[in-house]
Amino acid sequence: MKRLIEVALPIREISAESVRDKSLRHGHISTLHLWWARRPLAASRAIVFASLVPDPDDTDCPQAFKDKVQELLGNNPKYKPYNNQPDTLRNRLLSFIAKWSQKKIDFDEGKSSDNPDTKEMLDDNSLVKWESSINPAILKIARDLIQSAYGYTPTVLDPFAGGGAIPLEAVRLGCNVIANDYNPVAHIIERCTFEFPYKYGRPGEVEISFDEAKRMGIYEKIFSETEMNIVSEPKLNYGEMNPGENWFELNYCKTRLISTADNKIKLEVTNKLVFDVGRHAKNILERVKQKIGHLYPPGKDGNPVVGYLWARTAPCSNPSCKKEIPLLRSLMVCDKPNKKVALTLNIKNDEIIFGIARDKEIKFKEGTTITKGARCPFCKEITPTTEIKRSSFEGKLLEKMTCVITDTLHGKDYRPAEASDLIAFEESKNFIKSEFIPNEQMQEIPDLVSGRGWNFKTWATLFNPRQSSFLSVMIETVKEDFSIILSDDYWLSVISYLSLWLNKISMNMTNMAIYHITGEKFSVPFTRQAIPMVWDYPEANPFSGLTGSVESQLYWILRVIEHEKFANSDFNNNIKCYLGDAALITGKSNSVDIVMTDPPYFDAIAYADLSDFFYVWFKRTLADIYPEVFSTPMTPKSEEATALKHRNNGSVEEANNHFELKLAQSLTEAKRLCKDDGVISIMFAHQSTHAWSALINAIFKAGLNVTATYPIDTELTTALKANMAALSSSVTVVCRHRVYGNATTYSKVKIEIEKVVRESVDRFWGYGFRGADLIVACYGPAVGVIGQYEYVEKQGEPISISDLLKDVREIALKAIAGAFTGDVHSKFYFVVANMYSTTEIDWDDIVKIAQIGSGEEDARIFSDQYHYIIREDNKARLALLKDREDFIPAWDKLPLDATLIDQLHSAMYLWKNQQRGNLIQLLKNNQLIENDPLWKLAQSLFEVLPKEVDDKKIISALLSERETLKVETRREIIKEEQSKDKTLFDN
């Protein structure tokens, strides 16, 4: 019996919601705590569901499941398939998973010009939509379908649970869950993500004292909301109040006053876990504020402080100067369309005194740092980066407060630092609790600032004295609170959230944080799955109550707990959350129904090294409560399934072998635990053949074979990622126990491989996948062909997976090139653009494309003669319009047989330079307005070029104006014909 995922999946629709997932905030688990490369909830929910349920159109599908699909979906007009699809049970099930909204369909069909917003792309009844995660009616359908397929509650295993997205979605779908991860930080995050909200995020009664209610700031709220005129302590008992009345909002859960007696307030709350976490957190925060709140004093203007901006300083390398250079990326501290604020550098007594300039007062915006060093404001000489690094090791890399961010009636404002600010900062050093400071050594690797030569050696060096004071006093106070909290499993969950809260605070309270001047927001340092060096940084006031404050971090956590209380409220599911090696999971053989996982991505992320940032704080709060979890000095690393050479004697080969071995062992264990008829679905996002070779070798070594492959777009295309050679999609490969056939030769199966690869290119191209994503998506189908045989021989040796993937890549390139119907030169440009966009790549890749896509043996003619490629040594990139302007013939000299790319670039040049009349003449003379290959080339380039590239903007304008240009061109043709007729008549 085939599972639905082995037959079909609504990829485009799931991709649309998965991309939206990256921008979701309130209640989304990404706001609970940082974890790297956490999979989108939409994709996770879809793949778990489709892996669990059978294909209802399969002849072996249980009749009970077919009947249930018919009952729940077959007669429901909400799940009627698209008009061009047959109305089958399979298509009904696919429509339930994800279906375009009518607004999106109307836009695509040209019936509406209203392009729907991302939240309007999918129909509201789609299972994967974010809003469906708390829709009981939709979740009930999903759970009923799953239950009908099994007759019991199935179990889902995730051996690499990471940030917990996959187990969470399995819980949401009503399944038993076994989640495992090797990393202690991930283990705590997982429990807080899907275990504790499910177990304890329920209604209940709480009792607090009047004093506690006042400290929490809820005393007046309680009684004002109950419309009681309280002059002194209330004496009345309200236990007879109607349970449906007098509910009000506190800490993101609803609350109702039950009674007051003996200086106690009894409340009924809709989410006891939310209330208790918020209650203890606010008590802790109040006590911390009493201890060190004075370290963040208001200035002379009386406005509360939001935070401070700092710049590191280094001595000028000019021997005759040696003055302190403030290292600033920019002088701008706020850069909004209607609000501009900048620092001024005023020299007084050989010292920089910072001032503030606003709007028209601003004369200079450029900072002091440049690409290879810093320019001294005093002598104007450049101090090289190497000299700045040397100063850091000599203890001369210091820091200076540049300005103070304040809160006013009109929003944030900025003022120069005052004496009281500097005195408070110096005083903060007296409040550091040394026993709670993380002096553990950082790994010296490029992913951490410690490995980049800046003399940051310990985790403690990532925090300035006042940040260290606050965090250490927080730990002291949190631990005081632990002593009064009962030590049963429920209160352990509350303690876990309080510790997670402190960890979340530490991300903002670091001297590696970032201040976004366009949004006036504090940001964490992990934007690139690393901790890079920063020249200047913000220090948030934790007591401000605004963005970056401690209270705002608490509310993000409470929102998640409240949102996830809906995950499985109607089911009594079994959740097991293990910490350990994925190759050694506790459990009986054949005990889980499916395995769904997202293993580490080869060498992409140093999870354990990065998570040490959080481990050192977790250890200081939770080691006594979870001694088995935090038993090691730092996060364990030796058995992590990654291909990191710094953990393998600096050897790439050893690192690759380690990854393949660990993954093979883990998948072997997953296969042991999984029932024989279950599927193992693996999400993977890496474009290198080394990574995919290791993954597929591991799959084969585990006795598995690939039965289906799906690329799902999971990443927002940001300016940061636009030019990186990274996958924007995750590829899910679905595996089953491998059934071996006879041995064969590669020459016999290559025809079948070529067929499935070409079909995959056509299929995934239709879904909108391009470049590396498209190529990688073809690996799975080809591997599925090989995996059917026990032994595939090529030239007397078993074919290696790396050789197979190279062949797949070549076949796919040919298929991509074959999709283009124009001239060979434009075909070459088309293939390079679709494969790599504007990313810089190896020249050898260009040579291969030239041979495959155009038949040219010498790729140099494409760079040196035609200028389609910009080449520098052994690297190359696609030439854009700006690179080719001087090499394209003038529009009126462009021959009719010119290459399509030259004609398109000529049209783009005329549009860019606002020569509309000449553009119309070009379109008319060269008969381009109805030239479909030209417009298909334009459309293809529009799809693959980064949004910030001018070519994309110009092509977008041409495409949107095509119909208007067509009308204008026809007018010119008619005018020309009329002119000819008139001339003929006159003669």
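The span you would expect of a helix is 1.5 Å times one less than its number of residues. Keep that in mind for the helices on this tour, and remember throughout that you are looking at a predicted model.

**Stop 1: helix α16**

Select residues 550-564. That is helix α16, with 15 residues. From first C-alpha to last it covers 22 Å, close to the 21 Å expected. Now add the surroundings: 12 of its 15 residues are buried, so α16 is largely enclosed by the rest of the structure. Among the buried ones are Val 550, Leu 554, Trp 556, Ile 557 and Ile 561, along with Glu 562, His 563 and Glu 564. To see what does the covering, show α7 (165-172), α8 (184-200), α11 (272-292) and α14 (465-482); β5 and α15 are also part of the cover.

**Stop 2: Trp 501 and the core**

Stay in this area and pick Trp 501. Beyond its sequence neighbours within four places, Trp 501 contacts Val 550, Gln 553, Leu 554 and Ile 557, among others. Its contacts also include Ala 281, Ile 284, Leu 285 and Met 474.

Trp 501 belongs to the largest nonpolar core, a set of 320 residues. Together with Phe 49 and Phe 470, it touches the most other members. Colour residues 489-508 next: this is helix α15, the top contributor to the core with 12 residues. As a rule, nonpolar side chains in soluble globular proteins tend to be buried together.

**Stop 3: Thr 510**

Move along to the loop between α15 and β17 (514-516), where you will find Thr 510. Is Thr 510 buried or exposed? Buried, with a relative accessible area of 0%. Draw a distance from a polar atom of its side chain to the backbone oxygen of Leu 462 and you should read 2.6 Å. Leu 462 is also on the list of residues that Thr 510 touches, not counting those up to four places away in sequence; the others are Phe 463, Gln 467, Pro 525, Tyr 537 and Pro 538.

**Stop 4: Phe 436**

Another loop residue to click on is Phe 436, between α13 (419-428) and α14. Phe 436 is buried, with a relative accessible area of 13%, which puts it below the 20% cut-off. Leaving out residues up to four places away in sequence, Phe 436 touches Ser 472, Ile 475, Glu 476, Lys 479, Trp 617 and Arg 620. For a sense of scale, measure to Trp 310: the two are 126 residues apart in sequence and 24 Å apart, C-alpha to C-alpha.

**Stop 5: helix α6**

Select residues 136-150 for helix α6. Its 15 residues should span 21 Å, and the end C-alpha atoms are indeed 21 Å apart. What caps its N-terminal end? Asn 135 does, with a side-chain oxygen 3.1 Å from the backbone nitrogen of Ala 137. Just after the helix comes Gly 151, which has a positive phi near 80°. Buried residues of α6 include Ile 138, Leu 139, Arg 143, Leu 145 and Tyr 150. To see what they pack against, show α2 (41-52), α3 (63-74), α4 (89-97), α7 and β21 (594-597).

**Stop 6: the β4-β5 hairpin**

Go to β4 (247-250). One face, Phe 248 and Leu 250, is covered, while the other, Trp 247 and Glu 249, is uncovered. β4 runs antiparallel to β5 (253-261), joined by 4 bridges; Leu 250 has Cys 253 as its bridge partner. There are 2 residues between the strands, and Asn 251 in this hairpin has a positive phi near 50°.

**Stop 7: two open sheets**

The strands β9, β10 and β11 make an open antiparallel sheet, in that order. β9 (332-336) and β11 (351-358) are at the edges with a single partner strand each, so one side of each has no neighbour in the sheet. On average, neighbouring strands here are turned by 25° against each other, ignoring direction. Between β9 and β10 (339-348) you will find 4 bridges, and Met 332 stands opposite Ala 342.

The other sheet has the order β28-β30-β29, again open and antiparallel. Its edge strands are β28 (841-842) and β29 (869-872), pairing on one side only. Look for Asp 842 opposite Lys 875 in β30. Finish by showing residues 824-836: helix α24 lies across β28, β29 and β30, at about 100° to β30.

Notes: Residues numbered from 1 in each chain as written. Predicted model: local features only at pLDDT ≥ 70, side-chain atom pairs only at ≥ 80, totals over all residues. Heavy atoms only, no water. Core = buried A, V, L, I, M, F, W, Y, C linked by side-chain atoms within 4.5 Å. Buried < 20%, exposed > 50% of the residue type's maximum accessible area, 1.4 Å probe, protein only. Contact = heavy atoms within 4.5 Å. Pairing = 2+ DSSP bridges. Axes fitted to C-alpha atoms, helices over the stretch in contact; angles between N-to-C directions. Polar contact = N/O pair within 3.5 Å; in protein donor to acceptor, adjacent residues only side chain to side chain.
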